[in-house]
Every structure is written in C-alpha cells, then in structure tokens.
Amino acid sequence: RPRILSGMQPTSDSLHLGNYLGALVNWVGLQEDFDAYYFVADLHALTVPTDPEVLRHRTRVTAAQFLAGGVDPVRSAVFCQSHVSLHAELGWVMNCLTADGEARRMTQFKDKTAKGQNANVGLLTYPMLMAADILMYDAAYVPVGEDQRQHLEITRDLAQRFNARFGDTLVVPDAYIVKGSAKIQDLQEPTAKMSKSTSSPKGLIDLMDDPRRIAKNIRSAVTDTGSEVRYDPEGKAGVSNLLVIHSVLSGTPVEEVAASFAGRGYGDLKKEVAEVVVAAVEPFQERMRGLLEDPAELDRILADGAARAAEVAHVTMSRVRDAVGLLPAA
Ligand code: TYM
C-alpha cells in the first residue's frame, strides 16, 4: 500500500475545529487505503519557547486526540517526531540543500518575523525539518490544510533537487488538500483562518471546550447583512464557513446543506450547526476521558508507533547517506 504521512504541532491542550475538519477527518478516512504515519511534531513545537512540563502534557494530549478523532493505532503508526531522531538528521541534509534566501522567503517565516516575534534559527529551518518528516517515509500524499501548501511545495522542490544532484533517491510527494474544508475560518473574522495563535476566544472552537460554550460561539458567529443561506465563500464568508462545517460533519454535500435552509434564516443555520458540532464533540470528549485514564497504554501506543516508523526511517536514511557520500553507519 502506498504511504501517507502527516503531523500536528502540540501547541495547545486542544485541537481546534480547523485542525479537525481540515486534517484529522482526512487522516481517518485515508488510513483505510494507505499505510499511514501520523505524528506529533514536538521538535517543531520547540521553535516556540514553552514550559517543558506544558510541552510534555500537550504532546500526550495531542496524540490522544488523534486517537479520539478516529485514528486507529493498529492500522496507522502514531508517534512522536522526536522519538525517531533520524528526522533531525535528514533535516540537516535538507538544510544543506536550501539557499538562505529561499528559507527567508517562506511566508510563515516572513509573517512571524514581521510581527517582531523572536525568530530563532529553528523557525527559519522549520520547513526543511518538515520536508525531512515527509521524505523520510516516501510519502505519496500528505493530508494537510491549505495553510501548509507552501511547505509542501518546498518539500517537492527539495526532493527534486536532491534527486537531480544525487540520483533518484526520494519520492516526490503530493499535497492532499480537500477543497472547501482545507480552510476553516475564524467565526468572528470569517475572512481569516481559524488559528490558535491569532483567533480570539470567540472566533475559535476547541474540541475540548465545554459543549455549551461551543454552541454559544457558533450562535454568535459573524455572518453578513443579507438573509439568504447560500454557499458563496467570496460573497458570504461567514455563512459559507458554517455550511462547510455542517457539510463535513453531517457527510452531506455543501450545496445540499445550503438547499435545506431555503426560506429559513441565519438563526436556524447557526442553531443546527451548533447541534451538529456538539454531536461530534461530545463522543470525542468521552473517548478522550477514556484515553487519559490509561496513560501507560498511550505511551505503549507511541512506543510501538515510533518503532514502526523507525524501521522505515532507517531504510530511507541509509539510502540518503549512500547517495550524498556519508559512510554507512555501523
Ligand atoms: P499545525 O499543527 O499548525 O496544524 C495541523 C493541521 O491542521 C491544519 N489546519 C487547518 N485546516 C483547516 N482550517 C484551518 N483553519 C486550519 N488550521 C490548521 C493544518 O493545515 C495542518 O494540516 N507544519 C505543520 C506540522 C507538520 C507537518 C509535518 C504536517 C510538521 N511536519 C509533515 C505534515 C507533514 C503544522 O504546523 O500544522
């Protein structure tokens, strides 16, 4: 079976609805047909200074949320990035293939440094480590949200560059970005993506939030001055965002959801979207409670996932060592 891989950063105690609908839902669907590797990007999270105890906690709960969302750890390898240290080694090789200016032109780096955020070198080389994560597993597809598109493009460039310079060694991956759900918008500011770092508490839906609060946030979502419920992401960003959320969770095409609100107003739409989201979140939270009751089992799953990932990583890394002229490791 062809391989796929994806990761999420442990930057919060809870995934948000964008992470869930833009990525995790697809991870779960794809694990049926692909040999899947899903990891917590704890090394990437070190680019943002975090209290060690907090990072440890977030790493565990992020992994648990993959499982609560439906990732099956028997079928898919679930692991921590830092447990397969070859990621860092291949990341170094990727750094040495990347021009300084190329790294500085990446949007995420430019945005973060423009805001005057303390930019460590890790933030600059973040995309090269991400390329290593992906190329390590010969991934055919990488299921991510729209905001990761540029990272996938540089990964493809680096794989092609490596192959051109050293001979065919790495698989050039494709992004797997689902139109519509790949960019869930902020509820209060529907022209901006829902984001941990920039959304206001009312604009964000955390999967671990109190369901009453989730419903309240949806009911107070910003829509627009019209009254017709119609899927039109350009003209009706807020309404369209709610329709997409409904569509993915109810498994109904977005136009069909919109049609079911013909002759009804925004109030009805918000009420029903709140119900659909709460109906998804409650069993998710229930599964999380079960998973957190047994931390030893979670650690066992992560150890097993890391062992399976390491097997693949060792094969790729020896190919890479050989290609670039490093002596084989004993
Ligand atoms: P991260 O942790 O920021 O986000 C995890 C996943 O959630 C998606 N996402 C969204 N999708 C739709 N709407 C939104 N508002 C939204 N916000 C976030 C992201 O696109 C992502 O798929 N760099 C990655 C982590 C990473 C990685 C990798 C991913 C490290 N190495 C290798 C894939 C392959 C990141 O920071 O995602």
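This section describes helix α7 and the ligand site in a predicted model.

Helix α7 runs over residues 121–135. At 1.5 Å a residue, its 15 residues should span 21 Å. The end C-alpha atoms lie 22 Å apart, so the helix agrees with that expectation. The axis is not straight throughout: α7 bends by about 40° at P127. At the start of the helix, a side-chain oxygen of N120 comes to within 3.1 Å of the backbone nitrogen of G122.

Most of α7 is covered, with twelve of its 15 residues buried. P127, the site of the bend, is among the buried residues. Its neighbours Y126 and M128 are buried too. Towards the end of the helix, D133, I134 and L135 are also buried.

The ligand is surrounded by 28 residues. Of these, Y126, D133, G145, D147 and I184 come nearest. Y126 and D133 are also among the buried residues of α7. By class, the shell holds 13 nonpolar, eleven polar and four charged residues.

Several side chains make polar contacts with the ligand. A polar side-chain atom of D147 lies 2.4 Å from a ligand oxygen. In the side chain of N19, an N or O atom is 3.1 Å from an oxygen atom of the ligand. Q148 approaches a nitrogen atom instead, with a polar side-chain atom 3.0 Å away. Taken alone, the ligand exposes 720 Å², and the protein buries 94% of that. The elements giving two or more residues to the shell are β1 (3–8), α1 (17–30) and α7.

Conventions: Residues are numbered from 1 along each chain as its sequence is written. This is a predicted model: local features need pLDDT of at least 70, side-chain atom pairs count only at pLDDT 80 or more; totals for chains, interfaces and linings use all residues. Side-chain values use heavy atoms; hydrogens and water are left out. Helices (H or I, at least four residues) and strands (E, at least two) are DSSP runs, numbered from the N terminus. The expected span of a helix is 1.5 Å times one less than its number of residues. The bend at a residue is the angle between axes fitted to the seven residues ending there and the seven starting there. Buried means under 20% relative accessible area, exposed over 50%, partly exposed in between (1.4 Å probe, protein chains only). A polar contact is a pair of N or O atoms within 3.5 Å; within protein, one must be able to donate a hydrogen and the other to accept it, and residues adjacent in sequence count only if both atoms are side-chain atoms. A residue is near a molecule or strand if one of its heavy atoms lies within 4 Å of it. Accessible areas come from the Shrake-Rupley method with a 1.4 Å probe; for residues, only the protein chains shown count as cover. Ala, Val, Leu, Ile, Met, Phe, Trp, Tyr, Cys and Pro count as nonpolar, Asp, Glu, Lys and Arg as charged, and the others, Gly among them, as polar.
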